[in-house]
Amino acid sequence: MSSIKQIPVITERKGNPLARVFDEFVRFCRSRSLFILHYCTGCGAIELPPAMTSRFDMERLGIQPMVSPRQADILLITGYVSIKTLKRVILTYEQMGSPKYVIGICSCTVNGGMYWQSYATAKKLDEYMPVDLYIAGCMPRPEAVLAGLQKLMDRIHSGEANSWEDYFRNYDYYLGNQQKLFGENWQTPTDIITEAKHYDLIGEGTLGKHTQLLEQHQKPLEALDMRLGHDLKEPTE
Amino acid sequence: MSQELTHWLDDLLEEIEGIKIRRKSSRRVRADVPADALPALLELLQGRAGYIHLSAISCVDWIEDDEFELVYHVWSYESHSLVSAHIRIAREPGVYLSVYDLYQPAGFFERDIHEMYGIHFEGSPNMEKFILTEWDGPPPMRKEFDSEAYVNEHLNWQEYNPPWLQELIAEGGGVIIPPEEQRFSRKKD
């Protein structure tokens, strides 16, 4: 017989008794309305049109393609990521609003796949950004893509898919790998450290020697000068 | 008609000194010429035989012979035939003449070859970086550039061996490459 004192009391979210219900509800809704930004870097992109359109139809799962990173939830990396492309992928990833999820499709995102020997492609995507899910294969069929997306939905619903927090908590690690590949002057237009403070996700690994290096040469971000026509004219001398 | 053209082309090509012609098929001709005779050959082909389309310049690195091979593929829309002009140049210093004044698309091909092999084309309009704008290593298509060593030095690799694959291999399935057939070294963490 267990006395009433032995029943565990969940101390977090003490204030509102409905908070956990809301959390559950929010996670449910979040997992049922996913917009994907497909960054088609390699050959795996060819499996996405059938997955999106009438044959396999990922919209019945509530997943739709989206045009801009600001509005997207999932970043699909389909195929090998060349080092030039990786810079753009990281820019895109940092532009996305949290919570955000990354899926690496094809073997190339796991370890370089058949391009493992190439000087021009990055090998492990999860060294440069946190990856929620890999769908291995060369290339995975639309069924596998859909199965992977369903698995991601389950993980979002159960609250396990929170690797985006890892990017803020361990920013120094990711930045270090990026600097190793792109040089010490690497800087993105997004201020991750300020963002981490905003989300209250400063962890032990957020700041370190790599972020110090970044702060040394970081140029303050300035808004672009919005002018029409002026730059297009020939300089008159 | 086509037979006549063939003879006519042969007669034309005989004008170049030191040329070796091999007929690969009815519409493909391979011509090996000394490096200094190539501009004259291309000028003949373009001006008098209608080979107005330079479809590609390819490059082969023969590191054992210490030579680069450049192959100029020119196509005629009139006779529907392709002439491949092969030349060899010394690997050092790796300099050759541009054919930009004959065929303008050559500018792109030469820029690409310059980037990938480090051959300098004199008179080419632009020898800037083309595709590898963010690459500052050696020209990567040269044979002495060891891509695998570069990868092992700069990038990490991870094994992909999930449980379901291990089960398959235990049952005798999967793709197993025996050690003596593994051609490449993989960096172990």
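What follows walks through chain B, the two domains of chain A and the contact between the chains, all in a predicted model.

Chain B comes first. Its secondary structure amounts to 5 helices and 7 strands, and along the sequence these run α-β-β-α-β-β-β-β-α-β-α-α. The chain is not a neat ball: its radius of gyration comes out at 23 Å, whereas the globule rule gives 16 Å for 189 residues, so chain B is more spread out than a compact globule. The C-alpha trace tells its own part of the story, spanning about 65 × 40 × 30 Å along the principal axes of chain B. As for burial, 19% of the 189 residues in chain B count as buried. Contacts across the sequence are there too: of the contacts in chain B with a separation of 6 or more, 52% are between residues 24 or more positions apart.

Chain A, for its part, splits into domain 1, covering 16-161, and domain 2, covering 162-218. The centres of these two domains of chain A, taken over C-alpha atoms, sit 22 Å apart. Where they meet, 19 residues of domain 1 of chain A are in contact with 14 residues of domain 2 of chain A. On the domain 1 side, helix 3 of chain A (residues 83-95) chips in with 6 residues, the largest share. That side of domain 1 of chain A breaks down by class into 11 nonpolar, 2 polar and 6 charged residues.

Further along chain A, helix 7 (residues 171-182) and helix 9 (residues 209-217) pack against one another. Their axes come within 7 Å and cross at roughly 65°, and the crossing of helix 7 and helix 9 of chain A is left-handed. Helix 7 of chain A brings A:Y171, A:D172, A:L175, A:G176 and A:Q179 to the contact, while helix 9 of chain A answers with A:H210, A:T211, A:L213 and A:L214. Sorted by class, the residues of this contact between helix 7 and helix 9 of chain A come to 4 nonpolar, 4 polar and 1 charged.

Finally, the two chains touch. Here 12 residues of chain B are in contact with 14 residues of chain A. The chain B side of this contact with chain A is made up of 7 nonpolar, 3 polar and 2 charged residues.

How values were computed
Residues are numbered from 1 along each chain as its sequence is written. Chains are lettered from A and ligands numbered from 1 in the order in which they are written. This is a predicted model: local features need pLDDT of at least 70, side-chain atom pairs count only at pLDDT 80 or more; totals for chains, interfaces and linings use all residues. Axes are lines fitted to C-alpha atoms, for helices over the stretch in contact, and angles run from 0 to 180 degrees between N-to-C directions. Helices (H or I, at least four residues) and strands (E, at least two) are DSSP runs, numbered from the N terminus. A crossing is left-handed if the near helix is turned anticlockwise from the far one by less than a right angle, and right-handed if clockwise. Two residues are in contact if their C-beta atoms, placed from the backbone, lie within 7 Å. Ala, Val, Leu, Ile, Met, Phe, Trp, Tyr, Cys and Pro count as nonpolar, Asp, Glu, Lys and Arg as charged, and the others, Gly among them, as polar. The radius of gyration is taken over C-alpha atoms; the globule rule is 2.2 Å times the number of residues to the power 0.38. A residue is buried if 20 or more other C-beta atoms lie within 10 Å of its own, exposed if 12 or fewer, and partly exposed in between; C-beta atoms are placed from the backbone. Domain bounds come from an automatic or database domain assignment.
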